[in-house]
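Colleague: Could you take a close look at one helix for me, and then walk me outwards from there? I'd like to know what surrounds it and what else is worth seeing.

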Amino acid sequence: MTTPRMLLLIPPLTQLNTPYPSTAYLTGFLESRGIAAEQADLGIEMVLRLFSQTGLRRLFAEVRKRDDALPPEATAMLAQEQAYLEWIEPVVSFLQGRNPALASLLRRPGTLPRGPRFRGKLAFIRSMPLDDRAKHVATLFLEDLADLVQATVSPHFALSRYAEHIARSASSFEGMIAALHAAPTLTDAFMLESLQAHLDRVNPTLVGLSVPFPGNLYGAFCIARAIKQRRPDLPIVLGGGYANTELRRVADPRVFDYVDFITLDDGERPLLSLIEHLDGRRPRKDLCRTFYRDQDRVMFADNPGLSDFSMDDIGCPTYRGIDLNRYVTILDSINPMHRLWSEGHWNKLTVAHGCYWKQCTFCDVGLNYIGRYEMTPTERLIGQIEQLIAETGKRGFHFVDEAAPPAALKSLALALLERKIEIHWWGNIRFEETFSPDLCRLLAASGCIAVTAGLETASDRLLEKMKKGITVDQTALVSAAFREAGILVHAYLMYGFPSETTQETMDSLERVRQLMEADLIQSAFWHRFTTTAHSPIGLKPASHGLRILGPEFEGFAHNDLRHHDRVGATPEWIGEGLRRSMLNFLEGRGFEMDVRGWFEHSTPKPKVAASWVKRLLKTSPTIDDSKLERRFVWLGETLVLESVGQKIKFALSGLNGRCAITLANKEAKWLENLVRQSTPNNLPSQSYPLLRSIPSTFPSGREGFEHFIKTASWRAIRSSGLLLV
């Protein structure tokens with residue numbers, strides 16, 4: 001019996017700054033079950049092979065071999081070949097953080113060869129840090145080379161995806177077959193050279209290909225084809241986000257010329273079942289959520305007796321085997337929120353599996369990755385955080401939830417404060433009113449630096465049709481609470497939702513403009529609505545006024561659907577205006593413009609009041625209502641007390657600076673006791689004082705408490721760090 005050894009691979013291409021977490025999750029799980037597992041990110045390895053002296057020599061040699069006429073930009077870059085060869089490795093080293101002293105030289109005009117990407121891109125704003133200017137110049141240098149690769153020797157290549165067009169709406173497998181039978185490109189060769197090195201090193205008994213996005217699919221099948229040519233007996237399993245959404249109906253048996261198995265949804269149970277099958281301990285018919293080929297038919301096995309593992313039983317993600325210091329920071333925007341996606345390493349964890357809301361009509365709410373909701377126990381999450389800090393030496397965390405629940409984030413924040421664990425973190429949430437100003441302050445104190453969330457549209461009518469469970473005003477107030485706590489906010493936006501009018505799109509843009517001008521949202525991104533096959537809209541399009549036009553399913557992918565909207569009509573050109581406006585807003589420009597100026601065609605004037613946000617921010621929710629189920633948490637400094645006759649003076653440091661209050665002795669002792677009980681310490685089981693229980697402990701009783709919380713002294717105490725969460 002052969003001891004199982006699994007090799008988990010991330011095909012090109014996701015991010016350059018940090019590895020996609022799927023293999024880290026699965027490697028940690030398999031190791032927790034005593035199964036040997038290795039992992040590799042072939043995307044970063046392919047890019048680093050290209051962006052080296054050896055790689056560029058091969059690139060320039062291939063470009064020179066081309067028989068057809070080269071673009072003039074490529075000819076100009078060929079003339080500067082020696083300069084590119086001289087600088088490629090120092091630039092990559094600098095963007096890896098290995099050579100920060102190079103910044104002053106890179107900023108200097110004339111140091112690096114400058115191709116098309118540099119045109120009109122170097123008007124730095126005065127406040128831009130000098131090191132950021134160097135990172136931006138180095139990024140343009142790499143982007144020029146990436147453009148040269150794409151224009152000449154590898155049309156599949158881009159810095160954040162690989163042959164994405166092949167996977168988009170690939171209802172038939174024919175396009176993939178054609179791409180795989182074409183002559184391999186230079187970047188394909190780099191990818192396969194890295195693959196062979198890992199196969200030789202690990203000698204696996206099973207290879208797993210994680211395909212999170214369309215831009216990873218071609219790389220995955222290219223890898224699978226190469227393995228089958230060299231080791232046809234080596235089993236290959238494909239899974240990940242793309243399979244979970246696009247391949248749920250796969251029926252073309254030719255797919256299994258390349259891979260032996262395709263698994264759906266969370267990979268832990270299917271992988272363990274597959275390993276048991278390959279070890280002779282489980283028949284194929286008893287696999288979990290797995291496609292395979294039997295003779296010339298595609299079969300699907302899903303043993304109903306096999307349940308998914310709980311969040312407490314999946315182990316801890318591990319990056320063992322991946323050199324995190326090799327990843328590269330790409331600085332293509334100075335927007336602080338936008339930079340989180342492209343700068344530095346983030347340890348990835350999950351606060352809760354699935355979505356606690358799961359009602360949005362455009363979302364795949366019925367599928368496992370959203371529909372199965374389960375919180376990670378806080379103690380378990382803290383243990384994972386400590387384990388990853390010890391392993392990686394990194395204290396940055398990205399919680400990759402569909403929507404992290406406020407209650408779980410509150411529990412996590414308190415646990416971090418109680419144990420004095422210092423991290424900085426960000427994650428995805430819903431714009432719900434539970435995120436009060438005090439809860440946002442608590443999250444910030446625990447290390448939260450940013451949140452992302454789906455606003456989708458700044459139209460209450462459309463939000464109701466989407467079943468988002470939020471309003472535009474509510475979103476603005478929640479964003480204000482995060483911003484007051486020093487937490488950045490990114491909003492996901494869409495246009496072209498069923499029945500949406502151009503007027504509503506313009507109104508949404510105006511509200512987004514006001515939100516960003518007021519610095520309530522620091523970053524956002526518009527995408528066009530697409531009907532997906534597994535969403536409530538996709539399952540019942542007619543009830544949403546849509547008629548599905550295609551594509552016809554031809555045995556491979558099935559998810560994105562073309563539709564005709566019988567009520568609304570969003571023209572294609574709207575997207576370009578929205579994109580252009582957002583690019584400017586991200587850099588702090590264009591807020592003074594009438595939003596109609598971003599479009600090349602006539603658009604209706606927004607019906608939104610110019611003072612909408614300013615008026616809204618004057619409203620403030622009441623959070624000291626003693627009937628609310630909230631607890632006190634003290635985040636302020638240690639109280640400094642001074643006796644003044646029959647009273648006691650407190651020196652406080654609050655949001656508005658330092659101040660002092662004077663209270664009668666009994667009230668002062670009451671406050672001192674409340675602060676002591678509300679201070680996070682290393683006793684996780686401690687019960688923080690409950691607001692509705694506190695009035696009875698006040699020296700003059702409930703009536704006195706109700707009067708006291710309306711005084712300037714109470715406002716000063718609250719401002720100084722006494723939170724209600």
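Modeller: Helix α13 (residues 268-278) is mostly covered, with 10 of its 11 residues buried; buried here means under 20% relative accessible area, with exposed being over 50% and partly exposed in between (1.4 Å probe, protein chains only). Helices and strands are DSSP runs, numbered from the N terminus: H or I over at least four residues for a helix, E over at least two for a strand. Keep in mind that this is a predicted model, where local features need pLDDT of at least 70 and side-chain atom pairs count only at pLDDT 80 or more, while totals for chains, interfaces and linings use all residues. Residues are numbered from 1 along each chain as its sequence is written, and side-chain values use heavy atoms, with hydrogens and water left out.

The buried residues of α13 are E268, R269, P270, L271, L272, S273, L274, I275, E276 and H277. Their cover includes the strands β1 (5-10), β3 (206-210), β4 (236-239), β5 (261-263) and β6 (290-294), along with helix α1 (22-32). After α13 comes G280, with a positive phi near 85°.

Helix α1 gives you a good way in from the other side, through L30, which lies in that helix. L30 counts as buried at 0% relative accessibility. Leaving out residues up to four places away in sequence, L30 touches M6, L8, I35, A37 and I275, where a contact is heavy atoms within 4.5 Å. I275 is one of the buried residues of α13. For a sense of scale, the C-alpha atoms of L30 and G115 are separated by 46 Å, with their positions 85 residues apart along the chain.

Now for the nonpolar cores, each a set of buried Ala, Val, Leu, Ile, Met, Phe, Trp, Tyr and Cys residues joined through side-chain atoms within 4.5 Å. In the largest one, of 179 residues, F221 and F556 touch the most other members. Helix α7 (residues 130-152) supplies the largest share of this core, 10 residues. Apart from it lies another core, of 24 residues, including L639, L652, I661 and I694. Back at F221, the contacts are F173, M176, L180, L238, V255, Y258, V259 and F556, again not counting residues up to four places away in sequence.

Further along the chain, strands β14 (residues 488-495) and β15 (residues 523-528) run parallel and are joined by 6 bridges; two strands pair if DSSP finds at least two bridges between them. M494 has H527 in β15 as its bridge partner.

There's also an open sheet of 3 strands, in the order β16-β18-β17 and with antiparallel pairing. β16 (531-532) and β17 (546-550) are at the edges with a single partner strand each, so one side of each has no neighbour in the sheet. Between β16 and β18 (residues 560-565) there are 2 bridges, and T532 stands opposite D560 in β18.

Last stop, the side-chain rings. A charge sits over a ring if NZ of Lys or CZ of Arg is within 6 Å of the ring centre and within 35 degrees of the ring normal. The charged end of R430 does this over the ring of W357, 4.2 Å from its centre, and R511 lies over the face of W612, at 5.9 Å from the ring centre.
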